[in-house]
Amino acid sequence: MDVPSLNKNDYTLFQKYCEKTIGKLTEECVESFRATKDEESRIKLIYDNAGLLPITVEENNGKNLEKHNRKKSRKDYDNALKAYNAGIIKCPQDSVPARELLTILISNRSATYFELREYKRVFNDIDYLTEIGNYPTHLQYKIWLRKAKCYNALQNERLATEAYNEATESLKHSKLDEATMATKMKEIENARVNKTVDPVKHEVVPSVEIGVFVGGKEYIAAHPTITFDQDPYQGRFARATEDIETGTIIIEENPHCAVVDASHVLTNCQNCSISVDQPIACSSCGNVVFCCTNCERLANKSFHKFECPIQQSLFASGASINCSMALRIISQKPFSYFRDKHNKLRDYMKDNCKKNVTKKKVYRFDDYDNVFFLCRNENMRTKEDLVQYSCMAIYLLRLLKFGKYFPFETKDKVLTDDELFISALILRHLQLLQFNAHEISELKNTTPTSLVKGLLTNYENATIGAGLYPTLALFNHSCDPSIVRYNIKNKMVVRTIKPIKAGDIVYENYGPLYTAMAIEKRQETLKNNYWFECLCRPCVELWPMFDEMNENDLRICCQKERCPFVFVVNTDDDPFMTCEYCHTVTSILPHLKGLMVLDEILPLAEALYGTGQFESAMKKFIEGLEILYKFMSPPHPEMIKIQQRIRVCMVHLGNKSCAYKVKL
Ligand SMILES: C[S@@+](CC[C@H](N)C(=O)[O-])C[C@H]1O[C@@H](n2cnc3c(N)ncnc32)[C@H](O)[C@@H]1O
């Protein structure tokens, strides 16, 4: 979790707008919010004030080549690529000469990749410029010659021959004088004869393989051993129906919606969130990038066509990432989608219905109804909070109108019935995102920092955006979580980080960990951000933080089945302990013997870890952790250290920034 709901520290345009609107409301109006039961009445109460305040819509679409088309020396590859990338993103595409210039920039970038022997990227760029379609015919021979040389290097003789033939043919359309044309022809023939085969450079692919995950019958994003229960205090939560081993993937879920944050719009794909170093540009704005033409097409068919004109304004306003998501849940679907649900959803909102009464047999990530019914802690909201959120919803609705989301004429000052309905949905989204959004992350290098005592790391699993995952959103919090999360593109992968027994609640973590934060701070954070009092084991049993733990204190369960007593013993103590509850005598000797295996497993795991063999290291650490849990009860510093190692291994299976390098 950890997705901020409002940028509380910066006094943003967005906050100014909200404050000004609230400042104009009469006390009577604010007071009447208390009596409102549904989102539409709240919007209606303040639209006259919030709708009248001017909002700033940026005219600048971010397309401006002037600053970016400086020529770079081809030999300074890094800087050349940076300059071409910036040029490609900022190059306007609204006229034939502009698009021609763009294709030349793309061609130059492909030439740089050719020098770097990154042939896949050369082909990507040639496909890209072909798709733009305005590459000058008289230069076409250059593209065919480059393609032919790539096929040569990749030892594909048939395609190389075809490309050489095309190069010879296209040379006829060049504007070269006869002598230069003859020299070029010779160059083509020489290249054809001297089939220089380069060793293919290993491509550093920033993301990883996606395995086959078979989910449950009802909750298809969750492992079949996970079910969802409910109680009046905790609401819905996940529970294991069978024993689950450490490391099991228990959730693989696509986001209902996912957005890249403002500082990553030019480094991560707007559609799938992956780190991008060969960007594909939006044809209309210079404010986003895509990883491939397919992502560009998908985004432009749905949300980006409406967000393109307003994204700059949204970021400039300083609105939080939750605002971008509240908007994206709407913009990614056409207005007709929501109009068709109008009557049903409006009735739910009017009745303030908590339950999805039309609960379906299958719970899917892309089903809007599941999102609509996510937890909002509605009955705990103050009227001030509702006023603030209603202002935000109106601001976002007005941006959507500027983005021409509605398939009918709209007027900024007028609120139609359809617009009222959409703004009510946005208001609902803002409330539910406050509790249910998750960050999307990727590995980045940092200078070494100490995360947990004794464990140095030189990476950071940095946030690059946020997403809404309707199945993961049903997991409750514990300060000693059962899981680790990481992303593959914007898909969320969740794996267990300890052995889980049948019937146990499976907890995730909303930020505060008992190992690193004192109980008072944890309780305060959870109360402020998630509005509940945490009754997890570390909070109730007052587990010590990592720094306060003693390596020599072993916590061993009474051997009588179902007796909850735990002995805290020291290796020097008498090995026979009598239970204070049931008076059964437990010998700690079998436990000490069982733990001795760790002397073999852990050095091996550390050696694999130290050489960057994260998957193999993870398996060994998991083996070690299972043994620790078998013979000991948490907490123990060794458990935490191993879990920390497993966490590092797991996140290495997820997204990595293009610049990320494993540093050992
Ligand atoms: C992401 S939702 C979790 C699913 C939620 N319980 C539901 O019914 O949809 C977060 C909200 O669940 C509740 N919650 C989460 N963890 C909890 C816990 N350990 N004890 C009590 N309530 C919890 C809080 O209301 C919190 O704001």
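## Sheet, ligand shell and domains of a predicted model

Strand 1 (residues 226-231) pairs with strand 2 in the antiparallel sense, over six bridges. The model is a predicted one: local features need pLDDT of at least 70, side-chain atom pairs count only at pLDDT 80 or more, and totals for chains, interfaces and linings use all residues. Residues are numbered from 1 along each chain as its sequence is written. Helices (H or I, at least four residues) and strands (E, at least two) are DSSP runs, numbered from the N terminus, and two strands count as paired if DSSP finds at least two bridges between them.

**The sheet**

A hairpin of three residues links strand 1 to strand 2. Strand 2 also pairs with strand 11 (residues 505-506), in the antiparallel sense and over two bridges. The three strands make up an open sheet with the order 1-2-11 and antiparallel pairing. Strand 1 and strand 11 occupy the edges with a single partner strand each, so one side of each has no neighbour in the sheet. The table lists residues that stand opposite one another.

| Residue in strand 2 | Opposite residue |
|---|---|
| Arg 236 | Gln 230 |
| Ala 238 | Val 506 in strand 11 |
| Arg 239 | Ile 505 in strand 11 |

In general, strands of a sheet pair through backbone hydrogen bonds, either parallel or antiparallel.

**The ligand shell**

The ligand is surrounded by 19 residues, of which Gly 235, Arg 236, Cys 375, Asn 476 and Phe 532 are the closest. Strand 2 (235-240) and helix 17 (417-436) are the elements that give two or more residues to this shell. Strand 2 gives the most, with three residues. A residue is near a molecule if its C-beta atom, placed from the backbone, lies within 6 Å of it. By class, the shell holds twelve nonpolar, six polar and one charged residue. Here Ala, Val, Leu, Ile, Met, Phe, Trp, Tyr, Cys and Pro count as nonpolar, Asp, Glu, Lys and Arg as charged, and the others, Gly among them, as polar.

**The domains**

The chain is divided into domain 1 (1-60 + 256-437) and domain 2 (77-193), with bounds that come from an automatic or database domain assignment. The centres of domain 1 and domain 2, taken over C-alpha atoms, are separated by 43 Å. Nine residues from domain 1 and ten residues from domain 2 take part in the contact, where two residues are in contact if their C-beta atoms, placed from the backbone, lie within 7 Å. The side of domain 1 that touches domain 2 has five nonpolar, four polar and no charged residues.
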